[in-house]
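Work through the three exercises below with the structure at hand. Try each task before reading its solution.

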Amino acid sequence: YLKNPSRKRLDLSMTHCETPPLRRKPLSFDTWAICGILGLLVIFYPELFLAKSASLMGDHWEQHYPWAFLMAQSLKQGMLPFWSPLIQCGFPIAAESQMGLFYLPNLILYLLLPFKVAYSYQNVVHFLISGAGTYFYAKRIGLNPLGAFVSAIVFLFGAGYGGAYYNITSLKTLSWMPWILWAFESFLGQFRRRYVLLAAIFMVFSMLAGYLQVSALMLFICS
């Protein structure tokens, strides 16, 4: 440095350089759309977010609720309820597809959350899955972001899907239909194998969700 004072001045000037302030990127419309869907769910279904109610009419009270309780108890004990001694002389409860024993969202919710919270939030989770899937599918087929958001709201709160509030197995199964359509449209547009894999995963989720009849009809429509 003594032999080259200009280099010393250069190094000193570099130490005093101020880094420009980082600018936060504004949230994308996609993020606002998902937040909007979540906000509308809070407005229309506050009792679900507070875990104060759930669909317990008809078959739910007699079948789905007890099955879900059995699943939650078994998972927290570190096992799967393949057999139940609580039905007559015993019953292979895992063979009852409406229970959704191998359905990943069921396993996560009932393992990690208290039972009443998990039972209420299964509606919330699948409403959000369905709304987000419809939004991205509508964008994939050419709608602008606002049009895609409106499409998601129409599907989510319309009679066809919103009416499934009291049939949780239908709600779970139908929630994957927009994502299957999105994967198919993405594959047709880009011909990438990953979209075939995603479509297969979404199909498996729909079949394991608990309503095989609806899943079969849904796959027939999607094909």
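**Exercise 1: a helix pair**

In this predicted model, helix α10 (residues 177-190) and helix α11 (residues 193-208) have axes that come within 8 Å and cross at roughly 165°. Describe how α10 and α11 run relative to each other, give the hand of the crossing, and list the residues that meet.

Solution.
- Step 1. Angles over 145 degrees count as roughly antiparallel. The axes cross at roughly 165°, so α10 and α11 are roughly antiparallel to each other.
- Step 2. The crossing of α10 and α11 is left-handed.
- Step 3. From α10 come Trp179, Ile180, Trp182, Ala183, Phe184, Ser186, Phe187 and Gln190. They meet Arg194, Tyr195, Val196, Leu198, Ala199, Phe202, Met203 and Ser206 of α11.
- Step 4. Sorted by class, this contact of α10 with α11 has twelve nonpolar, three polar and one charged residues.

**Exercise 2: one residue of the pair**

Is Tyr195 buried or exposed, and which residues does Tyr195 touch beyond four places away in sequence?

Solution.
- Step 1. Locate the residue: Tyr195 is in helix α11.
- Step 2. Buried means under 20% relative accessible area. Tyr195 has 6%, so Tyr195 is buried.
- Step 3. Leaving out residues up to four places away in sequence, Tyr195 touches Arg140, Trp182, Ala183, Ser186, Phe187 and Gln190.
- Step 4. Check a spacing: Tyr195 and Ile180 are 15 residues apart along the chain, and their C-alpha atoms are separated by 9.4 Å.

**Exercise 3: cysteines**

How many disulfides does the structure hold? Classify Cys35 and Cys89 by accessibility.

Solution.
- Step 1. The structure holds zero disulfides.
- Step 2. Cys35 has 44% relative accessibility, so Cys35 counts as partly exposed.
- Step 3. Exposed means over 50%. Cys89 has a relative accessible area of 80%, so Cys89 is exposed.

Conventions
Residues are numbered from 1 along each chain as its sequence is written. This is a predicted model: local features need pLDDT of at least 70, side-chain atom pairs count only at pLDDT 80 or more; totals for chains, interfaces and linings use all residues. Side-chain values use heavy atoms; hydrogens and water are left out. Axes are lines fitted to C-alpha atoms, for helices over the stretch in contact, and angles run from 0 to 180 degrees between N-to-C directions. Helices (H or I, at least four residues) and strands (E, at least two) are DSSP runs, numbered from the N terminus. Angles under 35 degrees count as roughly parallel, over 145 as roughly antiparallel, 65 to 115 as roughly perpendicular and the rest as oblique. A crossing is left-handed if the near helix is turned anticlockwise from the far one by less than a right angle, and right-handed if clockwise. Contact means heavy atoms within 4.5 Å. Ala, Val, Leu, Ile, Met, Phe, Trp, Tyr, Cys and Pro count as nonpolar, Asp, Glu, Lys and Arg as charged, and the others, Gly among them, as polar. A disulfide is a pair of cysteine sulfur atoms within 2.5 Å. Buried means under 20% relative accessible area, exposed over 50%, partly exposed in between (1.4 Å probe, protein chains only).
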